[in-house]
Amino acid sequence: DEAVLITQEFHLPRALYLCESFGIDSIGYSADKRVYANEREDAFREFLARVQAFYEATLFRHDPKFLGERVEIFPEES
């Protein structure tokens with residue numbers, strides 16, 4: 001139901017969008033510590049990944065393939 005996302009800044013908007021699309025309340029933090037050498041290639045790849053994410057989140061909506069038992073990260077106190 002909730003997620004904290006930590007990833008590179010250029011991935012973050014897509015990750016947050018996907019969470020929102022699937023009803024997951026999320027917040028994101030950038031993990032960038034440096035400038036990446038292949039920024040142009042990464043930006044192009046991310047553009048294509050965003051297009052794919054849009055189609056997956058709005059048109060296809062596949063069921064998860066690898067869904068195990070739910071794991072509570074912060075279990076409620078008894």
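Visitor: Which label fits Arg-14: buried, partly exposed or exposed?
Guide: Welcome! This is a predicted model, where local features need pLDDT of at least 70, side-chain atom pairs count only at pLDDT 80 or more, and totals for chains, interfaces and linings use all residues. Residues are numbered from 1 along each chain as its sequence is written, and side-chain values use heavy atoms, leaving out hydrogens and water. Because buried means under 20% relative accessible area, exposed over 50% and partly exposed in between (1.4 Å probe, protein chains only), the 21% of Arg-14 makes this residue partly exposed.

Visitor: Which residue forms a salt bridge with Arg-14?
Guide: A salt bridge here is a side-chain nitrogen of Lys or Arg within 4 Å of a carboxyl oxygen of Asp or Glu. For Arg-14, the closest N and O atoms of the pair are 2.8 Å apart. That partner has a relative accessible area of 3%, so it counts as buried. The residue is Glu-46.

Visitor: How many residues apart in sequence are the parts that Arg-14 and Glu-46 tie together?
Guide: Helices (H or I, at least four residues) and strands (E, at least two) are DSSP runs, numbered from the N terminus. Arg-14 belongs to helix α1 and Glu-46 to helix α2, so their pair links parts separated in sequence by 32 residues.

Visitor: Which residues are joined into one network by salt bridges that share partners?
Guide: The count of salt bridges comes to two. Besides the pair of Arg-14 and Glu-46, the side chains of Arg-50 and Glu-46 meet at 3.4 Å, N to O. Arg-50 and Glu-46 are four residues apart in helix α2, and so about one helical turn separates them. The shared partners join into one network Arg-14, Glu-46 and Arg-50.

Visitor: How do the axes of α1 and α2 run: roughly parallel or roughly antiparallel?
Guide: Axes are lines fitted to C-alpha atoms, for helices over the stretch in contact, and their angles run from 0 to 180 degrees between N-to-C directions. The axes of α1 and α2 come within 10 Å and cross at roughly 0°. Angles under 35 degrees count as roughly parallel, over 145 as roughly antiparallel, 65 to 115 as roughly perpendicular and the rest as oblique. So α1 and α2 are roughly parallel.

Visitor: Which residues does Ser-21 touch, not counting residues up to four places away in sequence?
Guide: Ser-21 is part of helix α1 (residues 12-21), and its 19% relative accessibility makes it count as buried. Contact means heavy atoms within 4.5 Å. With those sequence neighbours set aside, Ser-21 touches Ala-57 and Arg-61.

Visitor: And which residues is Cys-19 in contact with, leaving aside its neighbours within four places in sequence?
Guide: Cys-19 also sits in helix α1, and it counts as buried at 10% relative accessibility. The buried residues of α1 pack against β1 (2-7), β2 (25-30) and α2. For Cys-19, the contacts are Leu-5, Ile-24 and Ser-26.

Visitor: About how much accessible area does the nonpolar patch on the surface have together?
Guide: Patches are made of residues with over 30% relative accessible area and no salt bridge, joining like charges within 9 Å and nonpolar side chains (Val, Leu, Ile, Met, Phe, Trp, Tyr) within 5 Å. Areas come from the Shrake-Rupley method with a 1.4 Å probe; for residues, only the protein chains shown count as cover. Among the members is Leu-59, which lies in helix α2 (residues 39-60) and counts as exposed at 55%. Together the patch has about 820 Å².
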